[in-house]
Amino acid sequence: MSNIEDLRTAVISGKRKDAKVLTTALLEQGIAPERLLEDALIPAMTVVGDKFKRNEVFVPEMLVSARAMKESMKLIEPKLIEAGIKPKYKAIIGTVEGDLHDIGKNLVATMWKGAGFDVIDLGVNVTPSAFVDAIETHEPDIVGLSALLTTTMPAMRETVAAVKATGKNFKIVIGGAPVTQTYADEVGADGYSPDAASAVDLAKSVLAA
Amino acid sequence: MKYTSLTISDPDQLIYGTAPHPITTKHGMVIGGGMIYPELNFTLPNIKIEKSSMPEIRRHYQQIVSESLQRAAELESPGVVLEFETLPPMTEFPEFGMDIVKILLDGIEEAHGKYGLKASLRCTPNDNREFIRPPIMRSGRYWEAMLELFEKSAQAGAEFLSIESVGGKELHDDALVNGDLREVIFSLCVMGVRDMKFLWDHIVPIANKHGVYAAGDTACGFGNTAMVLAERQMIPKSFATVVRAITAVRSLVAYECGAVGPGKDCGYENPILKAITGFPMSMEGKTAACAHLSPMGNLAAATADLWSNESVQNIKLLGGMAPTCYMEQLIYDCRLFNQASSDGPEAALQMRNWLVKSDASLDPQALIISPESSVAIAQAIVSADDHYSAGIASAREAIRIMRDSSEKGSLKMDTRESAWLDRMEDELDDLPDTEEEFIEEMMEDVDTDKFVPEDYELPVLLTV
Ligand code: B12
């Protein structure tokens, strides 16, 4: 008999194959897919994320866990859909127009995925209208914008204005090296975080507000 | 490999201000001729670059050039280089870039007339090819516009042409965050090397045609991305150190194609390249903290021929506008170094050694570009048969240097870091002997949707 604890350990230690085998076994044992997500995968990524926050692991080590989770998710996701269970939150993220920096944005996306969010990554150099289109299509709960250049901060402001004009109900959070809380307040975003480690807490807190 | 031996093989000869092949500018600065000069870099504050904002943007650059050069003259700087590193729209639309080039060149001539100041301009267009995904590397509007700015700025009198090119970066960012040394070598030494050759075979003729200098490239998007990630404890410093050593193989290609320096400031691999080529190099360190932090603030100056601040926004500080303040700081740094040199070779060497020793034991990324390490890595590179083997050799040498120094107690390294030395060594041991086999393996493993294999002369795999 496999247990949920083993799956959690496999993800924490980044064992992809084990994660796959265990997920298959646990599903066959009749354990509900949402239990695997809630009690194994998300807690595992929280452990890894906390270790990263405390500088106990490096990003490559964290990504190994993220990939193990992905392996397991591939098996769990169809079951969740079958059962009509949707992820708690849907997020859209992208780097604003004119800006190609994406390492930070990708890390935020990974962290959000680790927290069980359904993340749609629009990539880099994303125009305000592409954000708007994606919002119309996916109806997210939260939208994340990234900008690394002082010269693309105006594009961030324009994007915030454009996505707000859709009138849809979602929160906007922003980030990137030149971005500050003051700037977030100024452009009318709901939140800002200085790093990927705190981006999950930020998202949860603005979504709870 | 074009270089099969070192131009500087004695680490004591690898020193700031002096290069075996110096460069003379139009106004008579001799870079690498015994003196280190400041190289000032600057950028715009928070502003969108478009036609309607160009008048304001012009005013920024006019202010930067006139105020900073006035300060240089007041402080009697023996010379100064200005670097105009464009912002992406200024290369995308070369007329924007050329507007600024002309403003800076006029400012330089005016300062020469008014104060007799010897100044010179480096023009660094953006490599915007990656605006399209996957990037089109050998044609298209981004490529054309970039060449146009090189050509026109050279024609107008920008004396040095540089770039931070991005060939191979399609895979490198992922390789970094995944700590994947094999993919790092593929990005830098297979893809990067091929693109560098193609690119510099275009830039060198432009420089020659207009009688200016093809100054060199940097692996900024590779090595400095690794450095920033390491600084934030995202990847191990030992890994970033090995990446730095390998970047030298990629950046070397510009010189193999005919570039002559001064190498561009953000290439922390430059000391290795100086040992190989003997060309002068620009470096940035403590006085570039306005742009990014680094663990080699002093050591970076030890072998520099130009001393740069990398980039600062044109904003008001208490002392004056930021570029003027940084001009002053660079000038004082250079004065001190030049004073040591004019007290004789022993004093200069003493100064250099202080710069080295004050940083080298604290961070492997500093240690790896010390004169001694640079010569050792340079030797590993020139002893290799091709760029692929040179990449492996430089990585091995970097690991050896870190291991030896930490065993001797001359380098601080915790167990979390040193564990990566074994991991990287294992990865190197697993690599095939020839580039051909390596390419074959990698083309099966990497995400070939992220780049255009033809643009890298790489075989397209037929998927059955
Ligand atoms: C790596 C890098 C690059 C790489 C980017 C690779 C990539 N795929 O992203 C390359 C080489 C391509 C590059 C190109 C350029 N760059 Co650059 N780059 C950097 C560098 C060194 C590090 C950025 C980075 O990856 N940091 C690591 C990540 C993990 O941190 P981060 O991005 O800050 O993200 C964290 C937080 O900010 C936050 N966060 C980020 N996004 C979001 C979003 C949300 C929603 C939230 C909640 C949080 C959040 O969480 C992240 C994780 O912790 C910075 C230096 C710096 N000080 O930031 C310069 C820097 C940003 N670049 C700069 C410049 C000038 C350029 C170029 C114009 C250079 C040139 N002349 O060609 C081009 C522009 C290309 C373009 N159009 O975008 C300047 C900007 C100056 C300015 N005027 O603003 C900087 C500051 C360097 C400098 N000092 O001069 N660059």
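Below, a colleague and a modeller discuss a predicted model with chains A and B and a ligand.

Colleague: How many helices and strands are there in chain B?

Modeller: Chain B has 464 residues, and 63% of them count as buried. Its secondary structure comes to 16 helices and eleven strands.

Colleague: What radius of gyration does chain B have, and what would a compact globule have?

Modeller: The C-alpha trace of chain B spans about 65 × 55 × 40 Å along its principal axes. A compact globule with 464 residues would have a radius of gyration near 23 Å. Chain B agrees with that, at 21 Å.

Colleague: What share of the contacts in chain B with a separation of 6 or more comes from residues 24 or more positions apart?

Modeller: Take the contacts in chain B with a separation of 6 or more. Residues 24 or more positions apart account for 75%.

Colleague: What area does chain B expose, and how much of it do carbon and sulfur atoms supply?

Modeller: The exposed area of chain B is about 16,700 Å². Carbon and sulfur atoms supply 50% of it.

Colleague: Which chains surround the ligand?

Modeller: The ligand has 41 residues around it. The closest are His101(A), Asp102(A), Asn126(B), Asp173(B) and Arg232(B). The site is shared, because the surrounding residues come from chains A and B.

Colleague: Which residue is the only protein donor of the cobalt atom?

Modeller: The donor sits in the loop between strand 1 (90-95) and helix 5 (103-114) of chain A. Its NE2 atom is at 2.3 Å from the cobalt atom of the ligand. The residue is His101(A).

Colleague: Which polar atoms of chain A lie by nitrogen atoms of the ligand, and which elements give two or more residues to the shell?

Modeller: A polar backbone atom of Gly98(A) is 3.1 Å from a ligand nitrogen. A polar side-chain atom of His101(A) lies 2.7 Å from a nitrogen atom of the ligand, and an N or O atom in the side chain of Ser146(A) is 2.7 Å from a ligand nitrogen. Elements giving two or more residues to the shell are helix 5, strand 3 (142-146) and strand 4 (171-175) of chain A, with helix 5 (169-177) and helix 7 (220-231) of chain B.

Colleague: How many residues of helix 9 of chain B are buried, and what covers them?

Modeller: Helix 9 of chain B runs over residues 270-277, and eight of its eight residues are buried. Among them are Asn270(B), Lys274(B) and Thr277(B). The cover includes strand 1 (18-24), helix 8 (237-256), strand 8 and helix 13 (371-382) of chain B.

Colleague: Which residue takes a positive phi just after helix 9 of chain B?

Modeller: The phi in question is about 80°. It belongs to Gly278(B).

Colleague: Is Ser282(B) buried or exposed?

Modeller: Ser282(B) is placed in strand 8 of chain B. Beyond its neighbours within four places in sequence, its contacts include Arg122(B), Asp265(B), Asn270(B) and Ser308(B). Its relative accessible area is 0%, which is under the 20% cut-off. So Ser282(B) is buried.

Colleague: Which groups does the side chain of Ser308(B) reach?

Modeller: Ser308(B) lies in strand 9 of chain B and counts as buried, at 0% relative accessibility. Its contacts, leaving aside neighbours within four places in sequence, include Glu39(B), Ser282(B), Thr287(B) and Leu330(B). Its side chain reaches the backbone nitrogen of Glu310(B) at 2.8 Å. At 2.7 Å, there is also a polar contact with the side chain of Asp265(B).

Colleague: What relative accessible area does Cys290(B) have?

Modeller: Cys290(B) is in the loop between strand 8 and strand 9 of chain B. Not counting residues up to four places away in sequence, Cys290(B) touches Asn309(B), Ser311(B), Val312(B) and Tyr326(B). Asn309(B) is 19 residues apart from Cys290(B) in sequence and 7.4 Å apart in space, C-alpha to C-alpha. Cys290(B) is partly exposed, because its relative accessible area is 29%.

Colleague: How far apart in space are Ala291(B) and Glu310(B)?

Modeller: Ala291(B) is in the loop between strand 8 (282-284) and strand 9 (306-308) of chain B, and is partly exposed at 36%. Leaving aside neighbours within four places in sequence, Ala291(B) is in contact with Asn309(B), Glu310(B) and Ser311(B). Ala291(B) and Glu310(B) are 19 residues apart in sequence. In space, C-alpha to C-alpha, the value is 6.3 Å.

Notes: Residues numbered from 1 in each chain as written. Chains lettered and ligands numbered in written order. Predicted model: local features only at pLDDT ≥ 70, side-chain atom pairs only at ≥ 80, totals over all residues. Heavy atoms only, no water. Helix = DSSP H or I, 4+ residues; strand = E, 2+ residues; numbered from the N terminus. Buried < 20%, exposed > 50% of the residue type's maximum accessible area, 1.4 Å probe, protein only. Contact = heavy atoms within 4.5 Å. Polar contact = N/O pair within 3.5 Å; in protein donor to acceptor, adjacent residues only side chain to side chain. Donors = N, O, S within 2.8 Å, 3.2 Å for Na, K, Ca; no water. Rg over C-alpha atoms; globule rule 2.2 N^0.38 Å. Areas by Shrake-Rupley, 256 points an atom, 1.4 Å probe, with all protein chains shown as cover. Near = heavy atom within 4 Å.
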